[in-house]
Amino acid sequence: EGLKTWRKIVVNTDATSSSALPSNSVSTSSVGSSSSSMPSNTSTRTSSSSFGSYGSTNSASTTTESSISDTASSNLGSANPAPSSTTSVDGISQSTASSQSSSQMELLFDDGRCRGDLTDILGNLGTDLSEEACKRRCLDTRDCAFAVINDLGTCTYFTVCEGYRRREGLKTWRKIVVNTDATSSSALPSNSVSTSSVGSSSSSMPSNTSTRTSSSSFGSYGSTNSASTTTESSISDTASSNLGSANPAPSSTTSVDGISQSTASSQSSSQMELLFDDGRCRGDLTDILGNLGTDLSEEACKQRCLDTRDCNFVFMNDIGTCTYFTSCDGSRRREGLKTWRKVAVSTDVTSSASSSTYSVDSLSNTPSTSSSPSTISSTPGRAAVAAGSTSFERMVRFLPPGRRCQTVTSEGLQQAGVPGGLGIDVGVEECLEACRADSDCNFVEILMNFDGSNGACTKIISCEETEASEAAAMSFQKVPEGSFDSPQWMMHCPTTAALTTACMPGELYDLIVASIRELTDSLSNVCNAEECEQADFAGCVLRMAGHDLMDYDPVSKKGGSDACTDMEAADNAGLLACLVEGEYGRSAAQIYADYCTEVSLADFLVIAAEAVIHWSRRLAVRSAGTKLAFSLKPYFKYGRKTATECPGAALNLPDPEHSCDDVHKVFVRNMGLSWEESAALMGVHTLGRAKLVNSGYDGWWSDPENSRRFNNNYFVSILAKGWMPERAVGGNPEKNQWKVSDVGFDPKVQGKQMMLDTDMCLAYSKGLMTFNGLSAAKDSCCTWTFALNLVDGAIDTFNDGKFCGESDKTKLDIWKSLPKGTSPKNRIALWEVWEKEKGVGAFKTFADMREQCCEGQRHYGGEFEGFTDCGGVSHPTGLAPRSVEEFANDEDKWVAEFMVAWRRATGAGFENLQKLKPTVV
């Protein structure tokens, strides 16, 4: 209900009579059998007899479409483009060329572009283009009113320009009308087709030649054969604007699965050789279908491939859609498709000897130079290997519960398959198998029945946006067989993602940091016991970077900050939130998409982490002007290569239940850090919190407000608060943590706070032996110290004068003065003297302190039998107690040590990293 459907029917099949139609009326369609008339003031277009198809099918009849309703939606091949009009947005003239006028491109900005989100449109007119080719393509495209090109030759058009965004290396042109004489077109020869005169030097074309209005969105180049006698130029497809680069890549020949992969030398001529006459190269077509144009002849399609640098293989279907691949590892049989391979005619490659050596990338079979970044091509919702290089066979869970692709909601069905199109009552495995067997299925959703057994299975072509939903839906994406569920597969890059950063000036680093900072600023700054959006986002970004760097293996020298970890592993649960899906609607992927062609994901994740550190440090400095402001930029080095597969990486992550044994394994043994550096690096836990739904642990490492400030509160909390075990967190006996045990502590007001075994073991141990790491699951003890002189600075400077929640200055002064002694015997002697001086019992004072820190426990007997202190209360005996004490009392000391540890940890396993390049003005 709520839908209406119309069928297009033939009014008049006499093809001769259409020539006498008034200029503003239309003739008929050959679709259907009954007769009907349609209103005048409509535009003439060609149509095939197939249902809903508007391609170059040489139909003898023409179709009708109202010029009022959605005139700009494709209007593929219309002989009468929209009339010219001029409006103004933010003072910028928005003009559209008249169908009878000629146009040209006028420079609008030489250092920027129009405002707007580029995620779905970047490069919609082509890549590797010269400025002139970019402008010609805009002139040939009806919807292009403004065109922007970057220094890499990526050409993008806008229909409107809503303002100016400054960016060096970009140029923007505006299409303007130069001739409004609309009378000359009436004298066109009978066997020719009028053009929109956009980019055309003449108002008429020779007989038997068809030109294109190219009005389809995303730079479609379609030619309309409006009469059976009209043909398309078989030589160069005149409006192709030299698609691609005029200087193809140097010649190279490799072999993948027995298929020669060749690239024509810039000094040799090339030609197209038929490879398959009944199929195409394997690969996902969602983002690339028709990337060389639509409605083309075979010769025009091959010519466009010859003119395009990255085109090594090209295929065309029977309606003229022309698509290129950079590599080909096998065929997918499909009737009606033909595939050609670009081959060099001349073997003279002496001139290319001085150029970079070409090889086949071991990950994507894509020819790449040793002097330029390795790349992988984009596929919907993720950056993936080059199209055609891998068979997509495996299905992986794509979205967490509670989120769906917008393409399967009521507002986006046109981008998805028919709801339930793969089955309306099928099991999960049956649904996934159906998607695997469907070449057009890139994502699939299973909307479960009420009983949770079977559900409706819907194929999804593109999943660019997701949204929250209460529906019981599971979403999966198709990835290459044998691929790994790494972040690179899940981060969307609009064009081609760099695996390695080739060059990074300081300005580029600053732009990424500024973008992350702006994203974080846009979150709510409200922090209370239940929520703190900024803390959650910062903590998630740091957690991703931390889980990435902690999997370094010193034996194989693999892992580390390579942007690779198993996103399906339980330890990595929740990372998709800030990385892809959005923590409160914000994700690092939103920023990555703007820089993915230049910066590897491996480098990007490190920069993103440094950005949130820098952002949260500013808050800490503002809250206390004496704090040291710092930047990690002077120490950053780029050149990390993104790994797309790293089996077993998650197994190298530390298990909090293994206490300092795993701290020693991961940080000291594997990364080569000292215990002091290890403790300093653990200080990142001052940001964010653990969530039950993610890690199985629950709580802030600090109070909520401090959890969005990069400061030393993590160390202050360890020593200035009492802690006791909390077992079976969330009912899971495998998850155990430490909870604040201060008398008067209220988690509903102050936020639930916790520490893990891997945190507490830095300062405390079981008994008096240093290497007996604490275990919340096994050890019934309370962590506290009565030697307040060890944390005097932490209490007064960084904890508002509180110790275990006690803020009474008189009482604290007495507690601070209680001697700790050098041994039990020496302590008793000192206490006797102290009692006489203060007139207060030393043992009572000790018991008062323990009671305050350990949930009212004054003694070790009675109901607390067997519940003791964790290690020595006069001098903590963990693995790095002196470091924890120093960092708690002197924040500058921690900052200095953290910078050293961070630099070493993020660089582990990478050689020849480079410092940022100075910005050239």
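In this predicted model, the charged end of R280 sits over the ring of F315, 5.8 Å from the ring centre.

Aromatic rings also meet one another: the whole structure holds 17 aromatic pairs. Two of them are set out below.

| Pair | Geometry | Centre to centre | Angle between planes |
|---|---|---|---|
| F715 and F887 | edge-to-face | 5.2 Å | 65° |
| W894 and F898 | tilted | 5.9 Å | 45° |

F715 belongs to helix α12 (residues 713-720) and F887 to helix α19 (residues 881-889), so their contact ties together parts that are 172 residues apart in sequence. Both F715 and F887 are buried.

The pair W894 and F898 lies within one helix, α20 (residues 891-907), where the two residues are 4 apart and thus separated by about one helical turn. W894 has a relative accessible area of 0% and is therefore buried. F898 is buried as well, at 0% relative accessibility. The four residues of the table are part of one aromatic cluster, formed by F630, F710, Y714, F715, F887, W894, F898 and W902.

Turning to internal space, the model contains 5 cavities of 30 Å³ or more. The second largest cavity has a volume of about 50 Å³. Its lining consists of V541, M544, A545, C578, L579, A588, L605 and A608. Helices α6 (533-549), α7 (575-581) and α9 (601-623) each give two or more residues to this lining, and α6 gives the most, with 3 residues. By residue class, the lining of the second largest cavity has 8 nonpolar residues, no polar and no charged.

Technical notes: Residues numbered from 1 in each chain as written. Predicted model: local features only at pLDDT ≥ 70, side-chain atom pairs only at ≥ 80, totals over all residues. Heavy atoms only, no water. 1 Å grid on protein atoms, 1.4 Å probe; cavity = no way out; pocket = protein on both sides within 12 Å on 5 of 7 lines; lining within 4 Å. Points joined across faces, edges and corners; volume = space filled by probe spheres on them. Nonpolar A, V, L, I, M, F, W, Y, C, P; charged D, E, K, R; others polar. Phe/Tyr/Trp six-rings, centres within 6.5 Å; stacked < 30°, edge-to-face > 60°. Buried < 20%, exposed > 50% of the residue type's maximum accessible area, 1.4 Å probe, protein only. Lys NZ or Arg CZ within 6 Å of the ring centre and 35° of its normal.
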